[in-house]
Structures are given as C-alpha cells and as structure tokens.
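Subject: Handing over a structure

Dear colleague,

I am passing a structure on to you with this email. Please look through it before you read my notes below.

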Amino acid sequence: MSGPGSAAAGALEMLAARGQSLAVAESLTGGLVAGALTAVPGASRVVRGAVTAYATEVKREVLGVDGALLAARGAVDGEVARQMASGARRVLGADWGLATTGVAGPDPQDGHPVGTVFVAVQGPDGAGAVRRLSLAGGRDRIRQDTIRAVLALLLSELTENTRAQDTEQHGGNGCLQP
C-alpha cells in the first residue's frame, strides 16, 4: 500500500470487518487525515468524525489534553499526540483514535524545527503507539508525509492487534494451529 488512499482503504476495511469505529484529532494536517479517510467509499461505516485542534486551547478544552503538559512541553510532543488520540476516541465515541501534531512550517514552533511531527494511534484494551517523525520538504510535503505515516501506524497497530488476538485464540505460542 503506497499512498494515503490505499492505506486509508486498507485500514477502513480492517476496522469494518471487526465492527470497530475510528475518530481523528488533527493539528498540523488540518483535516487532511479525515479527508483521506472519508474519500474512501463506505467510510461512513467506520469513521465517527474528526476534531481539527489547531489551537492549543482546543487540544486542552475539547480533547482533554493535560494543560500542565501543554504548558511544560508545548503542543509538539509525543504524549500530547497520545492524549489527542485518546481524546478523539472519547469525545467521538470511537474504538480507535488517530492524532497528528507537529511543525509543518514555515517557522519552528516550541523550540522544534520544521518537520518535527508526532503521530499517535490509540485503540481498545490499551492498544496504541506514538511515533516521532523528522520530515523534510516544504509545508505540503510534510503534511502529506504525516498523513501517510499516521495511516501506516494505524495499519501496523491493527495488524499487530489481530496477531495478538490470533495468538490468544490459538494457544498463546504465536503459531496458528491447523
């Protein structure tokens, strides 16, 4: 799966097969992740909604990101991304949450250079991951690469979550039984 469209379609197919839903919280991508997801026919079976939390106070007041964390570290932070994803799940009533936060440019932010990005996925039963990215290029390229990265992270977590469930159902040895 090379582009955001195919990654979005793959993730939505996996979620639909499980009967699970997805919510998105975006900062630097400004709604582009939600746009990539909802461009896929049938996305409404899975996508609950999105919050474009561009302003720091929206991250705090709508998504429930810890105000002390935001004050201490700023919005460009891995834990902020994790809390944004969790907040999207909670606010929009979804099984899985995605989040993007970072610096697309043109100027550095909170002491972070342009291209510093955090993406996060939070799912049921403690599933989730956060990735720090150091992206190159102009603003549009950074935003497009962020979309690809967060969708790839979601696919990875969904695949890992499936493997864990298979292992539990088949004796716990990591091998599928015939």
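What follows is a short account of what was found in this structure.

Please keep in mind that this is a predicted model, in which local features need pLDDT of at least 70 and side-chain atom pairs count only at pLDDT 80 or more, whereas totals for chains, interfaces and linings use all residues. Residues are numbered from 1 along each chain as its sequence is written, and side-chain values use heavy atoms, with hydrogens and water left out.

The chain holds 6 helices and 5 strands, where helices (H or I, at least four residues) and strands (E, at least two) are DSSP runs numbered from the N terminus. Along the sequence they follow the pattern α-β-α-β-α-α-α-β-β-β-α. Of the 178 residues, 48% are buried, a word that stands for under 20% relative accessible area, with over 50% called exposed and anything in between partly exposed (1.4 Å probe, protein chains only). If we take the contacts (heavy atoms within 4.5 Å) between residues at least 6 apart in sequence, 63% of them join residues at least 24 apart.

Two buried residues show this at a closer scale. Ala11, in helix H1, has a relative accessible area of 0% and is therefore counted as buried; leaving aside neighbours within four places in sequence, Ala11 is in contact with Leu154, Leu155 and Leu158. The C-alpha atoms of Ala11 and Leu153 are separated by 9.9 Å, although these residues lie 142 residues apart along the chain. Ser21 sits in the loop between helix H1 (4–18) and strand E1 (22–26), and is buried as well, with a relative accessible area of 10%. With neighbours within four places again left aside, the contacts of Ser21 include Val46, Arg48 and Trp96.

Further along, strand E4 (residues 116–122) and strand E5 (residues 128–134) pair in the antiparallel sense over 7 bridges, pairing being accepted if DSSP finds at least two bridges between two strands. Within this pair, Val119 has Arg131 in E5 as its bridge partner. The hairpin of E4 and E5 has 5 residues between the strands, and Asp125 takes a positive phi near 55° there.

I hope these notes help you find your way around the model.

With best wishes
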